[in-house]
Amino acid sequence: MGTEEHEGPQAAAGVSAPTIEVATPKRTKEIIAKYGFSFKKSLGQNFLIDQNILNKIVAAAGLDKTKGALEIGPGIGALTQRLAAEAGKVTAVEIDNRLIPILRDVLSNDSHTTVIHGDVLKLDLKQLFAEQFTGVTGVSVVANLPYYVTTPILMKLLEEKLPLEHIVVMIQKEVAERMAAKPGGKEYGSLSVAVQYYCVPEVVCMVPHTVFIPQPNVDSAVIKLTVRDKPAVDVPDEDHFFRVVQASFAQRRKTLANNLTAFVGKDRREALTEMLVQNQIDPIRRGETLSLEEFARISRSMLDAGWGTKQ
Ligand code: SAM
């Protein structure tokens, strides 16, 4: 695993050859044939072949030459070359070493693009930011994510509190809907709360499975997460807040009182019910109806009562 700086011959000589768009069925098939590349389903390799969708992703990211973009999983560079045209600095992390020479070729005109061979889940992203994005006014993550690791990747980006402006990613449609869901619906759950704690989500567009080679079995959506300057609610202990949220959704058909009793211990059932009532939260409500502020109130009251954990 390592870093490859791409300063192609044309770039070095100050002459730019016209860029050929990768994201067309014809060009993608040509590149795959030229390198004898075979797709690895286990790495979530579905390459985008639609200019229209690429336009929407790039427009949503709001990049300009003062900004940086981190791409996770560049594949054969369809999105990377577009990001390179818009941003002042692009860094792309790709796990599959067979794609590195292809990316070197495709991106040979882009002197401000760096490809890092590595697993984004294992990289020290704070260090990567310090090394790659000095001198830019803001960084956004822009990616067509491998679906098998969407949530771990997004949670890593958010929990590490990286200095990000936006996260614009293509993900499975149902996951996007869960991230953007409001209280009261069946899509609303601990993922909605976690994402909305750190970000303001907005579904940019739905994407049919036909715009990829090979086609995935599911439809996709592009979601834009605008990272908040500070979390949506004030909590004394984030870890406890998220444990309360998890516990509230543990068994979706159970009431809040029942789910939270399992969390704090049976002996505290009565005191718990009283605490919920004092917080103007009906104990027979279900977790899926609670706002972030209500979860925060419960977490604060539990900590005030010294109920960090089970009795
Ligand atoms: N960006 C390209 C496009 O839009 O056509 C490819 C997107 S494809 C859905 C996902 C890419 O992520 C693949 O190139 C895959 O090899 C890469 N990938 C999978 N797991 C990864 C990981 N843990 N770290 C970095 N890249 C990963």
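Okay, one term before we start: when I say buried, I mean a residue with under 20% relative accessible area. And keep in mind that what you see here is a predicted model.

So, helix 4 first. That's residues 78-86, and the helix is mostly covered. How many of its 9 residues are buried? The count is 7. Going along the helix, the buried ones are Ala78, Leu79, Thr80, Gln81, Arg82, Leu83 and Ala84. Arg82 is on that list, by the way, and with under 20% relative accessible area it counts as buried just as Leu83 does.

Right, on to the ligand. Where does the ligand sit? In the largest pocket. There are 22 residues around the ligand, and the closest are Leu48, Gly73, Glu94, Asp119 and Asn144. If you sort that shell by type, you get 11 nonpolar residues, 7 polar and 4 charged. Two strands to look for on screen: strand 2, residues 47-48, and strand 4, residues 89-94, each give the shell at least two residues.

Now some polar contacts. Asp119, one of the closest residues, has a polar side-chain atom 2.8 Å from a ligand nitrogen. At Val120, a polar backbone atom is 3.1 Å from a nitrogen atom of the ligand. Over at Gly75, again a polar backbone atom, but here the partner is a ligand oxygen, at 3.4 Å. And how much of the ligand's accessible area does the protein cover? On its own the ligand has 600 Å², and the protein covers 99% of that.

That's what I have on helix 4 and the ligand. Thanks, everyone.

Notes
Residues numbered from 1 in each chain as written. Predicted model: local features only at pLDDT ≥ 70, side-chain atom pairs only at ≥ 80, totals over all residues. Heavy atoms only, no water. Buried < 20%, exposed > 50% of the residue type's maximum accessible area, 1.4 Å probe, protein only. Helix = DSSP H or I, 4+ residues; strand = E, 2+ residues; numbered from the N terminus. Near = heavy atom within 4 Å. Polar contact = N/O pair within 3.5 Å; in protein donor to acceptor, adjacent residues only side chain to side chain. Areas by Shrake-Rupley, 256 points an atom, 1.4 Å probe, with all protein chains shown as cover. 1 Å grid on protein atoms, 1.4 Å probe; cavity = no way out; pocket = protein on both sides within 12 Å on 5 of 7 lines; lining within 4 Å. Sits in = over half its atoms within 2 Å of the grid points. Nonpolar A, V, L, I, M, F, W, Y, C, P; charged D, E, K, R; others polar.
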